[in-house]
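Hello,

Here is the structure I promised to pass on. Please open it alongside this message; my notes follow below.

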Amino acid sequence: MTEIGEGDIEFAWADAWLSVPRFRRYVDACGGSRERALRLYEWNLDLGAVLMKDISRFEVALRNAYDRVMCERVSVEEHWLFDEKSPVVCELFRRARSGEMRDANALNRRMIQEATPRGTHPVRPESVVAHLPFGFWAHLTDRAHE
């Protein structure tokens, strides 16, 4: 770890802002230049913002594709998110790595319940679809749901 030289005093605020360990990673990557480290940190923030747009677009496309396919292929009385016979909602027992039997859809039911607006009747499925977290959609393709 290099010491802060006189020329680096103007960048000492960065240690307080980012924390010494976090900023140190950038300083080390920039050969000890704190000025370049700050530019690299800002570039990293900009890159993250750009990627977040694409990630958000992907998430919207993914959840809408899931909803469209599930509506077309799952034959249940209610919307596939709310019908207790839906393969995403019904009890689905699988053996966990620990050896015990667990309901693989318990998490799905909890996430659906948390994404369902309270006091809104009737509940609109598209509203619940829009409020389900990315983890819900990823969970639909895990090993237990193959």
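**What α3 packs against**

The buried residues of α3 pack against four helices: α1 (12-18), α2 (20-29), α5 (125-131) and α6. Bear in mind that this is a predicted model. The buried set in α3 consists of R34, A37, L38, Y41, E59, R63, Y66, D67 and M70.

The length of α3 checks out. The helix covers residues 34-73, which is 40 residues. At 1.5 Å a residue it should span 58 Å, and its end C-alpha atoms lie 57 Å apart, so the two values agree.

**H139**

H139 sits in helix α6, which runs over residues 134-139. Is H139 buried or exposed? Its relative accessibility is 14%, and the cut-off for buried is under 20%. H139 therefore counts as buried. Its side chain makes a polar contact with the side chain of D142, at 3.2 Å. Beyond its neighbours within four places in sequence, H139 is in contact with A104, L107, N108 and H145.

**The largest pocket**

The largest pocket has a volume of about 310 Å³. Its lining has 13 residues, and R94, R95, A96, A104 and A144 are the closest to the centre. A104 thus turns up twice in these notes: it lines this pocket and is in contact with H139. Two strands, β1 (93-95) and β2 (101-103), each supply at least two lining residues. What is the make-up of the lining? Seven residues are charged, three are polar and three are nonpolar.

Best wishes

How values were computed: Residues numbered from 1 in each chain as written. Predicted model: local features only at pLDDT ≥ 70, side-chain atom pairs only at ≥ 80, totals over all residues. Heavy atoms only, no water. Buried < 20%, exposed > 50% of the residue type's maximum accessible area, 1.4 Å probe, protein only. Polar contact = N/O pair within 3.5 Å; in protein donor to acceptor, adjacent residues only side chain to side chain. Contact = heavy atoms within 4.5 Å. 1 Å grid on protein atoms, 1.4 Å probe; cavity = no way out; pocket = protein on both sides within 12 Å on 5 of 7 lines; lining within 4 Å. Points joined across faces, edges and corners; volume = space filled by probe spheres on them. Nonpolar A, V, L, I, M, F, W, Y, C, P; charged D, E, K, R; others polar. Expected span 1.5 Å × (residues − 1).
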